[in-house]
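User: Please take a close look at a single helix in this model. I would like to know how its residues are placed and what its side chains pair with.

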Amino acid sequence: MTTQSVGPHLCQPDKQKSCAWCCGLYNNHVTSRAGLARQLRARTEEFARTRRTVEGILNFSERNKEKSQLLDPEFYSCEFVGFLNEEETRVGCMLHPLARGNGGTDWRGLSFHGAMACQGFFCRSYRELSTSQKEIVLSTVNDWFLFGLVISDADFIYSFFRLVAENLIDPATLLMPASAKLVHEFFHWKIDWPFGNSGSRPTYIDSRAVLGTKGDICSQESEKQVLAPLDQIFVSLSSKFSSPSERQSAEEKVNHLFSRLCKVE
């Protein structure tokens with residue numbers, strides 16, 4: 001069954017940002033934006049010098065696969081992800097027919113997943129978020145590094161909007177300048193969360209390792225059970241609490257942000 005487009009585009013939404021999470025961009029021992037940008041820059045410059053032939057592209061592939069240091073060896077990290085523009089604001093597939101130097105030729109068949117898989121994959125955020133939810137994320141996050149970390153985590157975004165509803169905040173107000181600043185602050189916790197964030201890496205963790213044995217935790221026997229919004233936020237942020245008081249401080253931090261959102265006029 002073909003997945004229908006729902007709302008705005010998420011992979012390459014505008015000139016300010018893009019997402020390459022599904023290509024394994026964050027499956028990397030280099031976790032900082034600056035470090036990852038250096039890797040992408042070097043790879044992009046090397047590919048610009050690569051002859052657009054099957055042999056030339058496969059040789060590029062072998063050289064760059066040898067440089068990979070993966071966090072999760074079971075999740076492929078594509079060596080053809082690079083910067084798509086000179087401003088280095090967009091990341092994505094350098095084999096795409098619209099990418100620089102390809103002259104309209106689609107070379108994605110030479111990648112690990114192949115052209116059909118790349119064309120046909122749609123992430124949960126694309127399939128499940130409402131148009132208004134997507135537009136709020138798109139309007140408040142304008143950096144490729146942060147955008148990919150946020151938009152790839154549908155549960156993190158859902159939890160934000162669940163708390164918006166619980167606090168009786170009108171979603172239509174979230175794009176007002178003062179509110180949008182606070183929404184960005186929330187999403188930016190993917191980078192600067194103070195309670196054990198793992199360096200902006202994707203969340204390859206068991207929720208029980210973060211939350212202990214609380215009764216509202218999703219168990220292996222009941223995967224349909226949904227975490228409470230605060231718990232899901234803590235899981236998405238790879239939180240590690242050394243004491244009950246530290247968890248309480250984290251809860252207060254989230255509650256304080258939503259209290260400020262409620263007061264925006």
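Analyst: On the other side of α12 from its buried residues, Pro-244 and Lys-263 are exposed; exposed means over 50% relative accessible area, buried under 20%, and partly exposed in between, with a 1.4 Å probe and protein chains only. The model is predicted, so local features need pLDDT of at least 70 and side-chain atom pairs count only at pLDDT 80 or more, while totals for chains, interfaces and linings use all residues. Residues are numbered from 1 along each chain as its sequence is written, and side-chain values use heavy atoms, with hydrogens and water left out.

The buried residues of α12 are Arg-247, Ala-250, Val-254, Leu-257, Phe-258 and Leu-261. Viewed down the helix axis they fall within an arc of 90°, so they line one face of α12; the arc is that of the directions from the axis to the C-beta atoms.

Helix α12 covers residues 244–263, 20 in number, and spans 29 Å from first to last C-alpha, close to the 28 Å expected at 1.5 Å a residue. That expected span is 1.5 Å times one less than the number of residues. Helices are DSSP runs of H or I with at least four residues, numbered from the N terminus.

Within α12, Glu-251 forms a salt bridge with Arg-247, their closest N and O atoms being 2.9 Å apart; the term requires a side-chain nitrogen of Lys or Arg within 4 Å of a carboxyl oxygen of Asp or Glu. Glu-251 and Arg-247 are four residues apart in the helix, which means a separation of about one helical turn. Glu-251 counts as partly exposed at 25% relative accessibility, whereas Arg-247 counts as buried at 14%.

How values were computed
Helices (H or I, at least four residues) and strands (E, at least two) are DSSP runs, numbered from the N terminus.
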